[in-house]
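Trainee: I have a model open and would like to go through it. Can we start with the overall picture and then take the details?

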Amino acid sequence: MDYGKNGDVMDYRQDGGVADMGDNWGFTDAHTHIGTWEEQREREETGILSLVCGSTPREAERAVKMRGRHVIPTCGLHPWYGAEYQVEELTEWMEQCPVIGEIGMDSVWCQTPLKIQEQVFRRQLRMAHQAGKPVILHTKGQEERISGIIKEFPNRYLVHWYSCGRYPEEFLAQDCYFSIGPDVWWNPAVQQIAANVPADRLLVETDGLNSVKWAWEEGLKALGAEKAECGVKERQLAGEAEFVVKERRLAGETECIVKERRMAGERKCLGKGWAEDRKMSVMSALSHTLSTVAKLRRISYEEAGRRCWNNLVYGFLGSLFALDFFQKAPYN
Ligand SMILES: [Zn+2]
């Protein structure tokens, strides 16, 4: 099968079978949003395979147009906007995306009546099911309800940034993928998921740098001012790059750092900014999340990265390689 110029993802696919990549893996961001130009440029330059989500009609159009070598667009009407737009306004873009979402329900950060949210959600679940496209789920506060609803629409699901602490078994029983969010370094509920999800269902995400920033600030609050201050100083002294390097040396890993630098074109991909000016990079955020996940699972950093790559490319996205989407080169 000739996949033409479809980019890095395709290069690893051989004759419709799963190629053994050995040590060959790349950074993955299983769920993110469009973000700033700077963020978009970083994704392209460093080759982070990213599932970029459009949540409104306008964003969906933008996400589809961002499709490229490392960017896989996803879209769906987000529960936050369920009363503002109609699903029809996104249909055209949903048809052009290989993945639907994030969609779901939210009773924590959203005022839209749950009845409306559920109608919008079910409608899109049905569309995804009929089109055979996997789905990214937003479950905030509605975890138990959603775990029941999706049973009616058998599909491949990615539960994004699960932070509930309860009902994970309901989703695990349905063979869902879990993408670990950027608060895993301090949030016990997220740590529980990161430590316990089956190895072939593990993914990592940033949810975009705005969310990384939020998670970072929440973590500083959660850990208390003293510890936070100490953490900031440690990073200021060492720079985030050094900090991550040190963490990994503790785990007896050095090769991955070299690899990461090479992938980032020798650019200071880990950034200094994390603590100094609260400016962070996608790479530093993913790297931080991966190293935390690795520690929680008692595996190496590289093993964590490789698993996330394999799970995304061959697992969650796997059967999509047969879809038309991947047979049209993005640069034609
Ligand atoms: Zn999101």
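Mentor: We will go from the whole chain to the sheet, then to helix packing and a few backbone details. This is a predicted model, so to speak of local features takes pLDDT of at least 70, side-chain atom pairs count only at pLDDT 80 or more, and totals for chains, interfaces and linings use all residues. Residues are numbered from 1 along each chain as its sequence is written.

Trainee: How many helices and strands does the chain have?

Mentor: The chain has 15 helices and 10 strands. Both are DSSP runs numbered from the N terminus: helices are H or I with at least four residues, strands are E with at least two.

Trainee: And what share of the residues is buried?

Mentor: Of the 332 residues in the chain, 45% are buried. A residue is buried if 20 or more other C-beta atoms lie within 10 Å of its own, exposed if 12 or fewer, and partly exposed in between, with C-beta atoms placed from the backbone.

Trainee: What about contacts between residues far apart in sequence?

Mentor: Taking contacts between residues at least 6 apart in sequence, 66% join residues at least 24 apart. Contact here means that the C-beta atoms, placed from the backbone, lie within 7 Å.

Trainee: On to the sheet. What is the strand order?

Mentor: The order is β3-β4-β5-β6-β7-β8-β9-β10, an open sheet of 8 strands with parallel pairing. β3 and β10 are at the edges with a single partner strand each, so one side of each has no neighbour in the sheet. On average, neighbouring strands of this sheet are turned by 30° against each other, direction ignored. Two strands pair if DSSP finds at least two bridges between them.

Trainee: Which strand should I look at inside the sheet?

Mentor: Take β4, residues 49-54, where 6 of 6 residues are buried. Both of its faces are covered: L49, L51 and C53 are buried on one side, and S50, V52 and G54 on the other.

Trainee: How many bridges join β4 to β3, and how many to β5?

Mentor: β3 (residues 28-33) and β4 run parallel and are joined by 4 bridges. β4 and β5 (residues 71-75) also run parallel, with 5 bridges. S50 is a useful marker: D29 stands opposite S50, and S50 stands opposite V71 in β5.

Trainee: Which helices connect those strands?

Mentor: Helix α2 (residues 37-46) forms a right-handed β-α-β unit with β3 and β4. Helix α3 (residues 57-66) forms a right-handed β-α-β unit with β4 and β5. Right-handed means that, with the strands pointing away from the viewer, the path from the first strand over the helix to the second runs clockwise.

Trainee: And at the β10 edge?

Mentor: There, 3 bridges join β9 (residues 177-180) to β10, and the two run parallel. I180 has V204 in β10 as its bridge partner.

Trainee: Now helix packing. What does α3 do against α4?

Mentor: The axes of α3 and α4 (residues 88-96) come within 9 Å and cross at roughly 20°. That makes α3 roughly parallel to α4. The contact is made by P57, A60, E61 and V64 of α3 and E89, L90, W93 and Q96 of α4. Axes are lines fitted to C-alpha atoms, for helices over the stretch in contact, and angles run from 0 to 180 degrees between N-to-C directions. Angles under 35 degrees count as roughly parallel, over 145 as roughly antiparallel, 65 to 115 as roughly perpendicular and the rest as oblique.

Trainee: At what angle do α8 and α13 pack?

Mentor: α8 and α13 (residues 282-297) pack at about 65°, with their axes 8 Å apart. They are therefore roughly perpendicular. Q191, A194 and A195 of α8 meet V293, L296 and R297 of α13 in this contact.

Trainee: Last topic, the backbone. Where is the cis peptide bond?

Mentor: A cis peptide bond joins G101 and E102, with omega about 10°. E102 is in strand β6, residues 99-104.

Trainee: What about positive phi in residues other than glycine?

Mentor: Y167 has phi of about 60° and lies in the loop between β8 and α7. D207 has phi near 65° and lies in the loop between β10 and α9.

Trainee: Is D207 buried or exposed?

Mentor: D207 counts as buried because it has 23 C-beta neighbours inside 10 Å. Y167, with 16, counts as partly exposed.

Conventions. Contact = placed C-beta atoms within 7 Å.
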